[in-house]
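Biologist: Could you walk me through this one? I'd like to hear how you get to each answer.

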Amino acid sequence: MSFERAAGTKQVKYGTAGFRGPANDGQMGFIVKRSGITAALRSRKLGKATGLMITASHNPVQDNGVKVTEPLGEMLVPSWEGLATNLTNADDLNAEVEKIIKDEEICSSSEGLVVLGRDTRPSSSELSYAAAEGIIQAQSRSLNLGVVTTPQLHYLTYKINTGTPVFKLDLDLYYSDFTNAFLEITKNSANLGNLVVDCANGVGHLAGAQFAKRLESKVNVKLTNVGDGQLNHECGADFVKTGQRAPVGSEMEEGVRYCSVDGDADRLVYYFLRNGKFFLLDGDRIACLIATYLQKRLGEETSVNFGVVQTAYANGASTNYLSSLGIKTVCTKTGVKHLHHAALDFDIGVYFEANGHGTVLFNESAIGKLEKEGQTEILALAKLVNQTVGDAFSDMLAVEAVLHLLNWSIEDWAAMYSDYPNRLMKVKIANRADIQVTNAERTCLAPAGLQEKLDALVAPVTNGRSFVRASGTEDVVRVYAEADTAENCNKLSIDVANLVYDMANGQGDKPSL
């Protein structure tokens with residue numbers, strides 16, 4: 001089978017999610033192959049292993065994608081995003097490869113190593129062959145982990161570059177590290193009760209089964225949507241967050257904690273039933289829970305500098321809650337790479353997108369200060385959190401551990417603050433690139449006059465807030481709105497969506513309730 005780029009093929013761009021699109025449109029094969037070349041060249045440049053993950057995360061099953069991982073598990077650096085874009089779109093592949101080798105001063109005799117993983121999509125297996133073909137073409141070797149979650153790929157890439165021999169690099173290392181950390185934190189606790197995990201009919205059910213077995217003495221974990229349905233269809237973290245309702249197959253009971261991961265297990269949201277009503281605990285809530293714990297344990301005399309990084313999608317009530325406690329907050333552009341970078345400015349940086357993608361970063365300075373201050377409990381938590389990337393299962397264990405350490409129920413967690421009613425809509429326009437934004441995506445620069453009219457719609461609404469931005473993964477413009485009541489929120493969202501439709505050459509039906 002050929003994975004070559006046909007002449008006249010449309011241009012693609014490497015973004016926050018790497019490359020992503022329909023799996024069977026004739027493009028993804030060559031895109032993944034060339035991403036294999038990119039990962040191999042990056043490895044040769046650095047003299048360390050890189051990672052390559054084949055997944056489309058929360059997208060529908062017919063989509064797929066690919067993204068490159070840096071040696072310590074970070075996302076690909078911005079300068080190489082441009083190189084990846086140019087290489088993938090090049091008509092003369094060999095010339096482009098030679099250009100990169102020359103410009104990046106890559107030794108012609110060097111050999112790279114790429115850690116390769118894929119999710120459970122039907123198209124992922126074939127695409128892994130495309131990746132391997134590209135890696136070989138770029139004078140490198142691949143270490144194929146097979147079917148893994150995205151966080152597992154990031155974590156094991158990090159481990160191989162920090163001293164773990166190749167022959168010891170397997171999934172047991174991942175499970176053992178996080179299981180042991182959780183068991184250490186909860187060693188003096190009784191069983192923590194029932195937890196139902198929606199695995200989105202994706203690779204998460206494999207990881208979930210391992211954690212359920214290894215932690216059965218501490219948590220009663222039940223898995224749902226374990227591959228008996230369609231990937232991400234009416235299930236998974238994105239469905240629950242967007243729809244504000246339980247996933248298919250979930251017969252919710254009061255007194256039970258529920259959570260959902262997404263298709264590649266890097267997002268997490270919690271929820272529960274209160275008096276017959278569904279209650280969501282999203283990424284904002286997870287960030288606030290962990291930040292509250294850190295503030296309580298660190299105390300006022302600590303030398304540790306910690307804060308929370310959010311995006312414009314964070315519910316305004318969560319930001320107000322953190323501010324009321326004196327916890328520092330920073331707002332960045334949407335995209336994990338932006339939050340991750342900003343979190344590095346703190347000794348301990350807590351970052352979560354509202355969609356449930358996030359983690360907690362502890363730098364070397366933080367570890368030294370925590371040791372000096374005798375903060376053994378927080379040091380144990382640092383081992384429990386996957387610091388390479390957002391990890392649904394590591395985050396799940398962190399939530400369970402922090403609830404235990406605070407002696408909080410899920411009801412206590414929910415009582416921290418009340419969300420402002422909010423709504424996220426999609427508007428189809430002729431060219432999403434016509435929407436230009438600044439100020440961490442909270443202010444619209446183009447089309448001219450849009451921001452002024454948007455401000456006029458927001459001004460009379462109590463606790464009103466709204467912004468628009470072009471999606472990074474879909475060919476749409478996203479409209480976010482929040483207000484004091486659901487009625488006001490819905491009206492504001494429709495008004496703003498129609499404003500965008502009218503000013504940016506909207507396509508299809510106009511937005512409506």
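Biologist: How far apart are the end C-alpha atoms of residues 43–79?

Modeller: Keep in mind that this is a predicted model. The stretch 43–79 is one of two covered by the unreviewed UniProt annotation "domain: Alpha-D-phosphohexomutase alpha/beta/alpha", the other being 109–162. Residues 43–79 come out at 16% helix and 32% strand, with the end C-alpha atoms separated by 15 Å.

Biologist: And what about residues 109–162, how much helix is there?

Modeller: Here the end C-alpha atoms sit 24 Å apart. Strand makes up 28% of the span, and helix 46%.

Biologist: Which residues does the UniProt annotation "domain: Phosphoacetylglucosamine mutase AMG1" cover?

Modeller: That record is an unreviewed entry, and its annotation comes in two pieces. One piece is 31% helix and 18% strand, with 22 Å between its end C-alpha atoms; the other is 52% helix and 17% strand, with 17 Å between the ends. In order, the pieces are residues 174–269 and 282–408.

Biologist: Are α5 and α6 roughly parallel or roughly perpendicular?

Modeller: Their axes are 10 Å apart, and the packing angle is about 95°. Angles of 65 to 115 degrees count as roughly perpendicular, so α5 is, relative to α6, roughly perpendicular.

Biologist: Which residues of α5 make that contact?

Modeller: On the α6 side you have L171, L173, Y174, Y175, D177 and F178. By class, the contact has 7 nonpolar, 1 polar and 2 charged residues. The α5 side is Q152, Y155, L156 and K159.

Biologist: How does α6 run against α14, roughly parallel or roughly antiparallel?

Modeller: Helix α14 spans residues 392–406, and its axis comes within 10 Å of that of α6, crossing at roughly 5°. Angles under 35 degrees count as roughly parallel, so the α6 and α14 pair is roughly parallel.

Biologist: How many nonpolar residues are in the contact of α6 with α14?

Modeller: α6 brings Y174, F178, F182 and I185, while α14 brings F393, S394, L397, E400, A401, H404 and L405. Of these, 2 are polar and 1 is charged. The nonpolar count is 8.

Biologist: On to the open spaces. Which element gives the largest share of the lining of the second largest pocket?

Modeller: This pocket holds about 810 Å³ and is lined by 30 residues. The elements that give two or more residues are α5, α6, α11, β14, α12 and α13. The largest share is 6 residues, from α6.

Biologist: Which residues lie nearest the centre of that pocket?

Modeller: The lining of the second largest pocket divides into 15 nonpolar, 8 polar and 7 charged residues. Nearest the centre are Y158, F362, A382, V385 and Q387.

Biologist: Which residues are closest to the centre of the largest cavity?

Modeller: There are 2 cavities of 30 Å³ or more, and the largest has a volume of about 80 Å³. Its lining splits into 5 nonpolar, 5 polar and 3 charged residues. Of the 13 lining residues, the closest to the centre are T16, K67, V68, M75 and L76.

Biologist: Now the backbone. Is the peptide bond from A446 to P447 cis or trans?

Modeller: P447 is in the loop between β17 and α16. Omega for the bond from A446 to P447 is near 5°, and that bond is cis.

Biologist: Last one: what is the phi of E105?

Modeller: E105 belongs to the loop between α3 and β4. Its phi is positive, in a residue other than glycine, with a value near 55°.

How values were computed
Residues numbered from 1 in each chain as written. Predicted model: local features only at pLDDT ≥ 70, side-chain atom pairs only at ≥ 80, totals over all residues. Heavy atoms only, no water. 1 Å grid on protein atoms, 1.4 Å probe; cavity = no way out; pocket = protein on both sides within 12 Å on 5 of 7 lines; lining within 4 Å. Points joined across faces, edges and corners; volume = space filled by probe spheres on them. Helix = DSSP H or I, 4+ residues; strand = E, 2+ residues; numbered from the N terminus. Nonpolar A, V, L, I, M, F, W, Y, C, P; charged D, E, K, R; others polar. Axes fitted to C-alpha atoms, helices over the stretch in contact; angles between N-to-C directions. Parallel < 35°, antiparallel > 145°, perpendicular 65-115°, else oblique. Contact = heavy atoms within 4.5 Å. UniProt positions renumbered as here; feature names shortened; annotations may be inferred.
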